[in-house]
Amino acid sequence: MARKPRVNDPGFYHIVNRGVNGSEIFNEKEDYFKFLELMLKTKYDYKVIFHAFTILPNHYHILLETTLPNLSDAMRFLNSAYAAWYNYKSGRIGHLWKGRFESYMMFDEAHSWKVIKYIERNALALELVDDIEDYEYQSLYLRKKKTKFNEIIEDSMILSKPLEEYIDWLKKPLERFELEEIYNEPKIVKIDGEFKVIRKKISDFFEENESKKEAILKAKEAGYKYTEIARFLGVTQGYIRKILQKED
């Protein structure tokens, strides 16, 4: 399967990376602390804003915001620096990560908040803790405790919610439809050799236009294919053609 294009545009991204063959890559407290130290260095060296994160034994999730077109450089540093340190410490040779990191662009703020809740609830979902407030290696813990790593989230959007309100919100599981949206992301199209990011969902066009025909035309103009529009509407392409042929 061909890799999806890597977009470096400044913006919000959900980042995931896993240990090679599903192996544990965070075994001791010093491993987690080293990764946090490197996150702090990444924040300052690459002008990255970390909004939420959780570091788990065999993978991590991060919601970050880049202010420069340097997502690949920032994550390459974070992953490579940790791998080099971990391999040296443990005397191992070879790849630590299963491959290049996964990145998923956010559509909007509402999408970002769903991903934040998903990230913060990960340790609980994996039954690493019984209470979401007890997991030490995630952004919620930094909000609650004074540590040398608090600067990691000093600009995070999670600080916009009062702490108790934030905790109560996190303790309510995501709805099924919200979970289905976690790994959805804006569409990437190539126009005249340049990648263009379409941050509007197909549903937005139908919410903004009373005419179904107009919504279809606007979505097509933005870069969506008729096949994608038909799939969203649950109809055939033939039905789409009939709508487009109708007089307004």
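The exercises below, each with a worked solution, concern a predicted model of a protein chain.

**Exercise 1. Describe the chain as a whole: its secondary structure, its extent and its surface.**

Begin with the inventory of regular elements, which for this chain consists of 11 helices and 6 strands. Next take the extent of the C-alpha trace, which along its principal axes spans about 70 × 40 × 30 Å. Then turn to the surface, where the accessible area of the chain comes to about 13500 Å², with 49% of that area belonging to carbon and sulfur atoms. Of the 248 residues in the chain, 45% are buried. Finally consider the contacts with a separation of 6 or more, of which 69% are accounted for by residues 24 or more positions apart.

**Exercise 2. Determine how far apart the mean positions of the positive and negative charges of the chain lie.**

First count the charges of each sign, which gives 41 positive and 41 negative ones. Then take the mean position of each set and compute the separation, which is 5 Å.

**Exercise 3. Work out the strand order of the open sheet of 4 strands, and identify what packs on it.**

Start with the order, which reads β2-β3-β1-β4, the pairing being antiparallel. The edges follow as β2 (48–56) and β4 (102–105), each of which pairs on one side only. From one strand to the next, the twist averages 15 degrees. Look then at a single pairing in detail: β2 and β3 (residues 59–66) are joined in the antiparallel sense over 8 bridges, and I49 has E65 in β3 as its bridge partner. The helices come last, with α2 (residues 71–90) lying across β1 (11–18), β2, β3 and β4 and running at about 145 degrees to β3. Helix α3 (residues 109–120) also packs on the sheet, where it touches β1, β2, β3 and β4, and its direction makes about 150 degrees with that of β3.

**Exercise 4. Decide whether I167 is buried or exposed, and characterise its surroundings.**

Locate the residue first: I167 belongs to helix α6, which comprises residues 163–170. Since the relative accessible area of I167 is 2%, and a residue counts as buried under 20%, I167 is buried. For the surroundings, set aside residues up to four places away in sequence, after which I167 is found to touch E133, L140 and K144. As a last step, compare I167 with I25, which is 142 residues apart from it along the chain; the C-alpha atoms of I167 and I25 are separated by 28 Å.

Notes: Residues numbered from 1 in each chain as written. Predicted model: local features only at pLDDT ≥ 70, side-chain atom pairs only at ≥ 80, totals over all residues. Heavy atoms only, no water. Helix = DSSP H or I, 4+ residues; strand = E, 2+ residues; numbered from the N terminus. Buried < 20%, exposed > 50% of the residue type's maximum accessible area, 1.4 Å probe, protein only. Contact = heavy atoms within 4.5 Å. Areas by Shrake-Rupley, 256 points an atom, 1.4 Å probe, with all protein chains shown as cover. Lys, Arg positive; Asp, Glu negative; His and termini not counted. Charge placed at Lys NZ, Arg CZ, Asp CG, Glu CD. Pairing = 2+ DSSP bridges. Axes fitted to C-alpha atoms, helices over the stretch in contact; angles between N-to-C directions.
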